[in-house]
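Visitor: I'd like a walk around this protein before I go back to the bench. Could you take me through it in plain words?

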Amino acid sequence: MKRSLIISLIAYSMLFGGVKAADHSRDLGQSENNAMVIPLWEEESPLYDNGLSENDETIVDSGWITLVTQPELIFYPASESNGITLLMCPGGGYYGLAIEHEGRGLSQPLNEKGINLAVLKYRMPNGHHEVPAEDARKALEILRKRASELGIDENKIGIGGASAGGHLASTVATHFNDSISRPDFQVLLYPVISMKEGITHQGSKDNLLGENPTDELISYYSNELQVNEKTPAAFIALSGNDGLVIPENSLSYYQALLKHGIPASMHIYPVGGHGWGVKSQNYFNELWLNELTEWILNLYPAGSKP
């Protein structure tokens, strides 16, 4: 796959629209629109705690969930699956999750192309930086261990994320110890990448690392510094006029990927700001989704091995 930087120049249009409310606090085995909900820690306890109580988690209209304490995996299988699965981490500044337009809203366009979607409702860190990545790695483990049951290919599981969820996805893609915890590809939408002053999104940094993180912790979670030759291929999409999570985050990560010879495709749209996901009034909605699905499918041409 060729490394490419694609800059799309298309006319301006408003990108923000309403989304439906969502409630994903359901038990294993229940389904909605053919989705399966799998609690992450049903059989064992996580090593790290975020210091929040179960009552702190709040489901808000428009698909916004804050202070998540009950993590789960919501799996949307494609009716004609090709085995590829994207584990998606919604954004929300490590305070909440935009679980509709940066999560389950991706199910239809991906499923139509045979790609399965797994949306991760991950715990908020509340200054406990280990928590979100622990949930994401657990989700990858579940998908791989239950691959046969779910009808997916354990060697074709990528991780994706939007905004702070993009930071989580890129953290997992650059900090792994074995083949189970290493995603096979990564998809980043207007991601937070760096924890460095002047580049990072301050709210995400504060919520993840706390108020006075050490220089070592800042470097550890500045994922542009953590890329190596084993980092998986990446698809990155953002708007050039994003004033909330500035483009330097994506640009620095893209440059690090190229430096280490990692296939990467970056798509920069001239306008749109931040947080568009699959919102219906996003002018580039069809374009970026087509570019994403084509990129994913090209990773695994028909008959090829991963």
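## Strands in the core

Guide: Let's start with a strand pairing: in this predicted model, strand β9 (residues 157-162) runs parallel to β10, and four bridges join them. Along that pairing, Gly-161 sits opposite Leu-188 in β10.

Visitor: How many of the residues of β10 are buried?

Guide: Look at the two sides of the strand: Phe-185, Val-187 and Leu-189 point one way, Gln-186 and Leu-188 the other way, and all are buried. So β10 is largely enclosed by the rest of the structure, and the number buried is five of the five.

Visitor: And β8, which of its residues are buried on each side?

Guide: Strand β8 covers residues 116-121 and is mostly covered, with six of its six residues buried. Both faces take part: on one side you have Asn-116, Ala-118 and Leu-120, and on the other Leu-117, Val-119 and Lys-121.

Visitor: Which strand pairs with β8 in the antiparallel sense, and which runs parallel to it?

Guide: For the antiparallel one, go to residues 72-76, where five bridges are made with β8; Leu-73 there stands opposite Leu-120. For the parallel one, go to residues 85-89, joined to β8 by four bridges, with Leu-87 opposite Ala-118. The antiparallel partner is β5, and the parallel partner is β6.

Visitor: There's a cysteine I'd like to place. Is Cys-89 buried or exposed?

Guide: Cys-89 is found in strand β6. Discounting residues up to four places away in sequence, Cys-89 touches Leu-120, Tyr-122, Ile-159, Gly-160, Gly-161, Ala-162, Gly-165 and Leu-168. Its relative accessible area is 0%, and the cut-off for burial is under 20%, so Cys-89 counts as buried.

Visitor: How far is Cys-89 from Ala-136 in space?

Guide: In sequence, the two are 47 residues apart. Going from C-alpha to C-alpha in space, the distance is 8.2 Å.

## A serine and its neighbours

Visitor: Which side chain does the side chain of Ser-204 make a polar contact with?

Guide: Ser-204 is found in helix α5, residues 202-209, and is buried, with a relative accessible area of 1%. Leaving out residues up to four places away in sequence, Ser-204 touches Gly-93, Tyr-94, Ala-164 and Val-192. The polar contact spans 2.8 Å, and the partner is the side chain of His-201.

## Rings

Visitor: How many aromatic pairs are there, and why is the one between Phe-185 and Trp-295 edge-to-face?

Guide: The count comes to eight aromatic pairs, taking ring centres within 6.5 Å. Phe-185 and Trp-295 have ring centres 6.1 Å apart, and planes over 60 degrees apart count as edge-to-face. This pair is edge-to-face because its planes are at 75°.

Visitor: How many residues apart are Phe-185 and Trp-295?

Guide: The pair links distant parts of the chain, with Phe-185 in strand β10 and Trp-295 in helix α8 (residues 285-299). Phe-185 has 0% relative accessibility and counts as buried; Trp-295, at 7%, counts as buried too. The separation in sequence is 110 residues.

Visitor: What kind of aromatic pair do Tyr-269 and Phe-284 form?

Guide: Tyr-269 lies in strand β12 (residues 264-269) and Phe-284 in the loop between β12 and α8, 15 residues apart. Both are buried, and ring pairs link them with Tyr-190, Trp-276 and Trp-288 into a cluster. Their centres are 5.1 Å apart with 20° between the planes, and that pair is stacked.

## A helix and the whole chain

Visitor: What does helix α7 reach from its first C-alpha to its last?

Guide: Helix α7 (residues 248-259) has twelve residues, and those buried include Tyr-253, Tyr-254 and Leu-257. Gly-261 follows the helix, with a positive phi near 75°. At 1.5 Å a residue you'd expect 16 Å, and the helix comes close to that, reaching 16 Å.

Visitor: Zooming out, what percentage of the chain's residues count as buried?

Guide: The chain has eight helices and twelve strands. Among contacts between residues at least 6 apart in sequence, 80% join residues at least 24 apart. The chain exposes about 12900 Å², with carbon and sulfur atoms supplying 47% of it. Of its 306 residues, the buried share is 57%.

Conventions
Residues numbered from 1 in each chain as written. Predicted model: local features only at pLDDT ≥ 70, side-chain atom pairs only at ≥ 80, totals over all residues. Heavy atoms only, no water. Buried < 20%, exposed > 50% of the residue type's maximum accessible area, 1.4 Å probe, protein only. Polar contact = N/O pair within 3.5 Å; in protein donor to acceptor, adjacent residues only side chain to side chain. Contact = heavy atoms within 4.5 Å. Phe/Tyr/Trp six-rings, centres within 6.5 Å; stacked < 30°, edge-to-face > 60°. Pairing = 2+ DSSP bridges. Areas by Shrake-Rupley, 256 points an atom, 1.4 Å probe, with all protein chains shown as cover. Expected span 1.5 Å × (residues − 1).
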